[in-house]
Amino acid sequence: MASTSPEPSTAAAAAAAVAETGCSVQIRRLEATDHEKGFVALLSQLSACPDLTASEFAACFADLAALGDDHVILVAEDPAAPESRILATGCLFVERKFLRGGGKVGHVEDVVVDAAARGRGLGLRVVRRLVEIAKEAGCYKVILDCTPELRAYYAKCGFVEKGVQMAIYF
């Protein structure tokens, strides 16, 4: 017999997460209102990222949201904090292939934790959730590029070194 009980409310789910982890930081999908919570400023801690106006952010958000589950941006936020700020983020892009019978590869990108929030395991939580999403999407592997200094960090996330990354920048 199917359960008829309603799904827990967001507040109830947040309370359960705090009880389970002892941490009120929530990992969730990027929302259009995250521009006001310092999302772009956080990205600038990773790479050059000029500020976007609210309308530029909204247009970019709409373009990326149109990609659905093939482009997932997660953020970490502490809703219990006096000032709501984005503390960490990461992105998963799902690439569809002809290889492996039309298989999919997950690409983890743009992982950054605010300098003031590092050491709390937020990046690890974001990356692990992105890997879970890739697995749920049917990806046969998840890959990422990182600097040599971050090898040990991503090894803690379950990644193993494989191959060599090369790039052309424009």
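With which side chain does the side chain of His107 make a polar contact? In this predicted model, the partner is the side chain of Glu95, and the polar contact spans 2.7 Å. The surroundings of this pair are described below, beginning with the chain as a whole.

The protein chain contains six helices and five strands, and these elements follow one another along the sequence in the pattern α-β-α-α-β-β-α-β-α-β-α. The chain has 170 residues, of which 29% count as buried, and its accessible surface amounts to about 11,200 Å², with 57% of that area belonging to carbon and sulfur atoms. When contacts between residues at least 6 apart in sequence are considered, 60% of them join residues that are at least 24 apart.

The five strands form an open sheet with mixed pairing, in which the order is S1-S2-S3-S4-S5. Strand S1 (26-29) and S5 are the edge strands of this sheet, each of them pairing on one side only. On average, and with direction ignored, neighbouring strands are turned by 25° against each other. Helix H5 packs on the sheet and touches S1, strand S2 (71-77), S3, S4 and S5, while the direction of H5 makes about 25° with that of S3.

Strand S4 (residues 104-113) has eight buried residues out of ten, and S4 is therefore largely enclosed by the rest of the structure. Strands of a sheet pair through backbone hydrogen bonds, in either a parallel or an antiparallel manner, and S4 takes part in pairings of both kinds. Strand S3 (residues 86-96) runs antiparallel to S4 and is joined to it by eight bridges, whereas strand S5 (residues 139-144) runs parallel to S4 and is joined to it by five bridges. On the S5 side, Gly106 stands opposite Val142, and the bridge partner of Val108 is Leu144. On the S3 side, Phe93 has His107 of S4 as its bridge partner. Between S4 and S5 the chain crosses through helix H5 (residues 122-136), and this β-α-β crossover is right-handed.

His107, which is found in strand S4, has a relative accessibility of 18% and, because the cut-off for burial is under 20%, counts as buried. Apart from neighbours within four places in sequence, His107 is in contact with Cys91, Leu92, Phe93, Glu95 and Ile143. Phe93 is thus both a contact and the bridge partner of His107, and Glu95 is both a contact and the partner in the polar contact of 2.7 Å.

Val108, also placed in strand S4, is buried with a relative accessible area of 3%. Not counting residues up to four places away in sequence, Val108 touches Cys91, Leu92, Leu130, Val142, Ile143, Leu144 and Phe159; Cys91, Leu92 and Ile143 are likewise among the contacts of His107. Although Val108 and Phe93 are 15 residues apart in sequence, their C-alpha atoms are 6.6 Å apart in space.

Asp110 is found in strand S4 as well, but is partly exposed, with a relative accessible area of 41%. Most residues other than glycine have a negative phi, and against this background the positive phi of about 55° at Asp110 deserves mention, since Asp110 is not a glycine. Arg100, which lies in helix H4 (residues 99-102), likewise has a positive phi, near 55°, in a residue other than glycine. In contrast to the buried Val108, Arg100 is exposed, with a relative accessible area of 64%.

Outside the strands, Asp34 is placed in the loop between S1 and helix H2 (39-43). Asp34 is buried, with a relative accessible area of 0%. With neighbours within four places in sequence left aside, the residues in contact with Asp34 are Arg28, Arg29, Phe39, Phe57, Val75 and Ile86.

Key
Residues numbered from 1 in each chain as written. Predicted model: local features only at pLDDT ≥ 70, side-chain atom pairs only at ≥ 80, totals over all residues. Heavy atoms only, no water. Helix = DSSP H or I, 4+ residues; strand = E, 2+ residues; numbered from the N terminus. Buried < 20%, exposed > 50% of the residue type's maximum accessible area, 1.4 Å probe, protein only. Contact = heavy atoms within 4.5 Å. Areas by Shrake-Rupley, 256 points an atom, 1.4 Å probe, with all protein chains shown as cover. Pairing = 2+ DSSP bridges. Right-handed = clockwise from strand over helix to strand, strands pointing away. Polar contact = N/O pair within 3.5 Å; in protein donor to acceptor, adjacent residues only side chain to side chain. Axes fitted to C-alpha atoms, helices over the stretch in contact; angles between N-to-C directions.
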